[in-house]
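Let's take a look at a protein together and see which charged side chains pair up. Have the sequence and the 3D view ready.

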Amino acid sequence: MKKMIATLLAGTLMTGIATAQDAQPKPESGATPAGKQAPATQPAKPMTGDETATQAGDAASTAAAATGTSGTSAAAPTVEAQNAAVAAFTEAQKLQGAGDAAGAATRIAAHMDTIKAMAAAKPDDVNIAGMYGSALLFQANGALTAKDNAGALTYLEASLDPWRKVTQANPTDAAIRTQFVGTLVNVGNLKLQAGNKEAAKPHFEEAIALAQPAYQSAPTDEANANLLLGATIGMNNVTQDPAWFAKVKTLGQELKGKNLLNAANAPAVEAVLAS
């Protein structure tokens, strides 16, 4: 029998790249340094229903402009604009690290075009790609805090290319891989919640392709194991194939036995094991 499994957003919607120095490109020559970089943020807890947005305006209405989808190409940013963007990014990291997702999104919003233009001007610069990807995740977290799933999906999907670039450039960095896999799972879940199964499927497949080998080599990595489980649940819900349901049951039982099952995945696993 085909079975759907209830899903939540992945337990780690994350907002920083692995190392603080990698997140911040150096100021341009002759410019004033933006200040000391904040420590890289840890994976953010899932948004709760009690969190309220202080972000001005509707995230959905600003998403196209912030991600550069308005159809206009930005001119190369000035040195001053770049340094202002780096300073805002540093402050946004601090806000997100303190749990103020709405504040981080608000702080970075005015600099999104500059950061996107910086990434476009230096497409081989992995550090700037990571900065752009992280800035988009600040915006996604702000949208989720405002319960704007459509806006969050716009930001998250735009962050995939820069984060894919960062992940490919750092194939052995578990924190970066976990960040990217978490974003893939979140994109897949949001598309699935919107009823678009075919669009969700490639994101779950890509997540599994990265998380499965990592789980085999590091079976006690709780974050990666739960993301692998989340992507497997996603594939079950996309395909409603009994084979995927069996994989969810096997992996869920395995993680439960290892005390690795997180709070986000536990209800779904308990329901599957009881079936």
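## Salt bridges between helices

E206 is partly exposed, with a relative accessible area of 23%; that label covers the range between buried (under 20% relative accessible area) and exposed (over 50%), using a 1.4 Å probe and protein chains only. Before we follow E206 further, some ground rules. This is a predicted model, where local features need pLDDT of at least 70 and side-chain atom pairs count only at pLDDT 80 or more, while totals for chains, interfaces and linings use all residues. Residues are numbered from 1 along each chain as its sequence is written, and side-chain values use heavy atoms, with hydrogens and water left out.

How far can you trust it? The pLDDT, the predictor's confidence in each residue from 0 to 100, averages 80 for the protein, and 73% of the residues score at least 70. Over residues 8-74, though, the pLDDT is below 50. That stretch still has 143 contacts (heavy atoms within 4.5 Å) beyond near neighbours in sequence. Where pLDDT is low, the predicted coordinates should not be read in detail.

Now for the pairs. Side chains of opposite charge can pair when their charged atoms come close. A salt bridge here is a side-chain nitrogen of Lys or Arg within 4 Å of a carboxyl oxygen of Asp or Glu, and the whole structure holds six of them. Here are three, with the distance between N and O:

| Pair | N to O distance |
|---|---|
| E91 and R107 | 2.4 Å |
| E157 and K191 | 2.6 Å |
| R164 and E206 | 2.8 Å |

Back to E206, then. Its partner R164 is partly exposed at 22% relative accessibility. R164 and E206 form their salt bridge from different parts of the chain: R164 lies in helix α7 and E206 in helix α9 (residues 197-217), so the pair ties together parts that are 42 residues apart in sequence. Helices are DSSP runs (H or I, at least four residues), numbered from the N terminus. D161 joins in as well, since D161, R164 and E206 are linked in a network of salt bridges.

What about E157 and K191, buried or exposed? E157 is partly exposed at 35%, whereas K191 counts as buried at 11% relative accessibility. E157 sits in helix α7 (residues 149-169) and K191 in helix α8 (residues 174-193), so their bridge ties together parts 34 residues apart in sequence.

Finally, E91 and R107 share a salt bridge. E91 belongs to helix α3 (residues 79-97) and R107 to helix α4 (residues 101-109), so this pair ties together parts 16 residues apart in sequence. E91 is partly exposed at 37%, and R107 is partly exposed at 29%.

Terms used: Helix = DSSP H or I, 4+ residues; strand = E, 2+ residues; numbered from the N terminus.
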